[in-house]
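Good morning, colleagues. Please bring up the sequence and the model, and I shall go through the fold, one helix pair and two residues.

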Amino acid sequence: MIEETEKQIDDLIGMDPSAAKDYILRFIAALKLTENQIREIAAEEKKWKNRAALARAHNAEDLAAEAEKETERIRSKQAALEEEAAILKRQIEKMRRQLPGLAARQRSIDPDLLEQELLMAAGRMPGEEKEAARDREFEKLEKEQAAQEALEALKTLKAEKEKPE
């Protein structure tokens with residue numbers, strides 16, 4: 001059940017990179033809080049272990065049993081917090097691996113907008129794409145024709161120079 005939840009909340013698909021980074025930072029903050037709680041619990045466990053030892057040293061077995069019971073309760077709480085920290089670490093790592101993909105998927109240039117801007121810069125209005133494409137085809141044919149004519153002129157010139165007098 002934890003893994004199912006884990007898969008849902010650590011999926012960054014659809015987020016822009018900055019929102020994803022903020023989201024990851026919230027997980028990191030939760031991890032730091034959990035780690036602080038683990039340290040506090042460890043200190044609490046040590047305190048109850050010392051109390052159990054103190055009670056035994058004074059032959060107060062009933063107090064020692066209570067202290068050991070409290071130590072066990074603290075250990076189970078600590079184990080749960082350590083499991084939570086491990087899950088958070090896995091989620092953070094999985095999300096960090098997704099960041100480069102999010103940045104790559106984000107378009108920095110809208111190709112349609114760029115095409116419209118180029119058309120306007122060429123003196124055309126949006127919606128005149130067919131006319132612009134037709135004009136490009138004619139320009140291409142005209143350049144090829146001009147190149148062909150220039151080649152023929154060179155051939156003629158060369159033939160005239162090679163002609164014996």
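**A helical chain and its packed pair**

Let me begin with alanine 55, which, apart from neighbours within four places in sequence, is in contact with Ala60, Leu63 and Ala64. This alanine belongs to helix α2. With a relative accessibility of 9%, alanine 55 counts as buried, because the cut-off for that class is under 20%. Its C-alpha is 8.3 Å in space from that of alanine 67, and the two are 12 residues apart in sequence.

I should state at this point that the model is a predicted one. All of the values I quote are computed from it.

Now to the chain as a whole. It contains 5 helices and 0 strands, and from the N terminus the order of elements reads α-α-α-α-α. The chain has 165 residues, 22% of which count as buried. Its accessible surface amounts to about 12900 Å², and carbon and sulfur atoms account for 55% of that. As for contacts between residues at least 6 apart in sequence, 68% of them join residues at least 24 apart.

Next, helix α2 itself. How far apart are its end C-alpha atoms? They are 60 Å apart. The helix takes in residues 17-57, which is 41 residues, and at 1.5 Å a residue the expected span is 60 Å, so the two values agree. After α2 comes asparagine 59, with a positive phi near 55°.

I turn to the packing of this helix. In general, a packed pair of helices is described by the angle between the axes and the distance between them. Here, α2 packs with helix α3, residues 61-105, at an angle of about 165°, and the axes are 8 Å apart. The angle is over 145 degrees, and therefore α2 is roughly antiparallel to α3. The crossing of these two helices is left-handed.

My second residue is on the α3 side: glutamine 78 is found in that helix. Is glutamine 78 buried or exposed? It is buried, because its relative accessible area is 12% and the limit is under 20%. Which residues does glutamine 78 touch, if those up to four places away in sequence are not counted? They are Ile38, Ile41, Ala42 and Glu45. As a general point, an α-helix has 3.6 residues a turn, so residues three or four places apart point the same way.

To close, I would return to the pair of residues: alanine 55 in α2 and glutamine 78 in α3. Thank you; I am glad to take questions.

Conventions
Residues numbered from 1 in each chain as written. Predicted model: local features only at pLDDT ≥ 70, side-chain atom pairs only at ≥ 80, totals over all residues. Heavy atoms only, no water. Helix = DSSP H or I, 4+ residues; strand = E, 2+ residues; numbered from the N terminus. Expected span 1.5 Å × (residues − 1). Buried < 20%, exposed > 50% of the residue type's maximum accessible area, 1.4 Å probe, protein only. Contact = heavy atoms within 4.5 Å. Areas by Shrake-Rupley, 256 points an atom, 1.4 Å probe, with all protein chains shown as cover. Axes fitted to C-alpha atoms, helices over the stretch in contact; angles between N-to-C directions. Parallel < 35°, antiparallel > 145°, perpendicular 65-115°, else oblique. Left-handed = near helix turned anticlockwise from the far one by under 90°.
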